[in-house]
Amino acid sequence: MKEAVGVLARGDGAGPAPEAEIGGERLAETGTISLTEAATMSRQPRVYFADTLEAALAQARRELGPEALLLEAGPAAPGEAGRGAFRVVCAEGEGGPAAGGHAPAAAGVLRRPDAAGDGEICRRLDRLERTLELLTETLSASGLPASLREAARLLEAHDFEAAAAQELLAAVRTELAESAAPGAAAIRAALAGEISRRVRFRPGLEGARRPAVVVLAGPPGAGKTSSLVKLAMREAVARRRPAAIVSTDSFRVAASEQLRTYAAILGLPFLLAETPAALRLAVAENATRDLILVDTPGFGRNEREWAAEWAEMLDEIPGRETLLVLPASLRTAEMLEALKWWSLFSPSALLITRLDETGRIGGWVSAAMESSLPVSYFSSGQRIPEDLEAASEHRIWTALEAVRARAVAGRASAVPGP
Ligand SMILES: Nc1nc2c(ncn2[C@@H]2O[C@H](COP(=O)(O)OP(=O)(O)O)[C@@H](O)[C@H]2O)c(=O)[nH]1
Ligand SMILES: [Mg+2]
């Protein structure tokens, strides 16, 4: 394997290091770890890039000597990708550089600056060393740096979080370790396979009880009401199963009227339940039906108390199944926030909407990975009922293909379109 190793003096093109004050001592920030100002001045940190962490560290040891201080290590930033997949920042240790700056690399760990005597720095270095060990463990088998870079680009375009991306990259690396030079197709397939392995799909409704009470919950405008109507057509009308529709939303203008109209069109009974007692009654009255679909209001973020009341009320319905409706178009960080907020409703599966509005899969895949909830349905448009499909890993495979197609066209960093 050919490994490109580059080196850059800290500050070259990177601008001056911003300063911060920690524990009363002025520190120069270098990203994930800090140096004392004295150390910074006497031992100029240097940045090394290579396609593997080991290669970058070896280069640092060769130049700065076996006592070199490790200050920072991790994957290279997107703008630095041309220099190598990984970057480490090191400074000269107490022993100074090896003779001529090119002594053979010494075995052993890079030393921590005990001389600084600063607890905060030592703690941070400890953490960094542990992170580095972990990275080295997962990413240092036999190397496939070029393919890792390609996989990393795909994950970034899909808005995967750093931690999830690292996990997936390590898995892809292990999977491809046996191949001499995996092509783009193999890399995409490995990545799609690793992502699919981490997402559970459970198409359809649980339907273990009769009546199956299915509640749709989620942020305002996520697509709860329209998904409910699509479900009613797909799971009840099309399969000739007796069903009823219940709205618990009498608060928003026209929200329940819209649903009442749909219920009338579908020939299904419609009930409005504004209190826990009314909801219990609605379920009891329709106990002989196969399916009761319950719509909920789209609570705002500042309506937590009200939402909690409704969550409690829904908990009183035995065996109810709650589908958490989340739009795929949310950025991953927003998606994870929404997931956290709506876990109040103890969802049993995810229903992902607005797949037609984004080609990114990072948001909903991260929500599924984070929550361990199965994904039940995908909604990819406004047409009722056509734009609802049973969820499957097919969407992962096609999404990664689409990104690759754009990468070939020279737009690798562009957000994939629908
Ligand atoms: N593009 C697109 N629009 C959708 C999708 N699902 C719902 N919508 C639209 O989003 C809007 C809000 O949907 P609604 O079901 O009322 O959301 P709710 O507030 O969660 O009940 C409506 O105009 C829907 O037609 C989808 O998958 N893709
Ligand atoms: Mg609604």
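Val214 stands opposite Glu321, a residue of strand β12. In this predicted model, that pairing offers an entry point to β12 and its surroundings. Val214 lies in the register between β12 and strand β8, which spans residues 212-217. The two strands run parallel and are joined by four bridges.

Strand β12 also pairs with strand β13, residues 349-353, again in the parallel sense, here over five bridges. Within this pairing, Val325 has Leu351 of β13 as its bridge partner. Helix α11, residues 332-342, belongs to the same arrangement: together with β12 and β13, α11 makes a right-handed β-α-β unit.

How enclosed is strand β12? Of the seven residues of β12 (residues 321-327), six are buried, so the strand is largely enclosed by the rest of the structure.

The nonpolar interior may be considered next. In soluble globular proteins, nonpolar side chains tend to be buried together. The largest nonpolar core of this model comprises 107 residues, and those with the most contacts inside the core are Val88, Cys90, Leu293 and Leu326. Val88 can be followed further: when its neighbours within four places in sequence are left aside, Val88 is in contact with Tyr48, Leu53, Ala56, Leu57, Ala60, Leu70, Glu72 and Ala73.

The protein as a whole provides the setting for these details. The chain contains 13 helices and 15 strands, and 43% of its 418 residues count as buried. Among contacts between residues at least 6 apart in sequence, 75% join residues at least 24 apart.

Terms used: Residues numbered from 1 in each chain as written. Chains lettered and ligands numbered in written order. Predicted model: local features only at pLDDT ≥ 70, side-chain atom pairs only at ≥ 80, totals over all residues. Core = buried A, V, L, I, M, F, W, Y, C linked by C-beta atoms within 7 Å. Buried ≥ 20, exposed ≤ 12 C-beta atoms within 10 Å, placed from the backbone. Contact = placed C-beta atoms within 7 Å. Pairing = 2+ DSSP bridges. Right-handed = clockwise from strand over helix to strand, strands pointing away.
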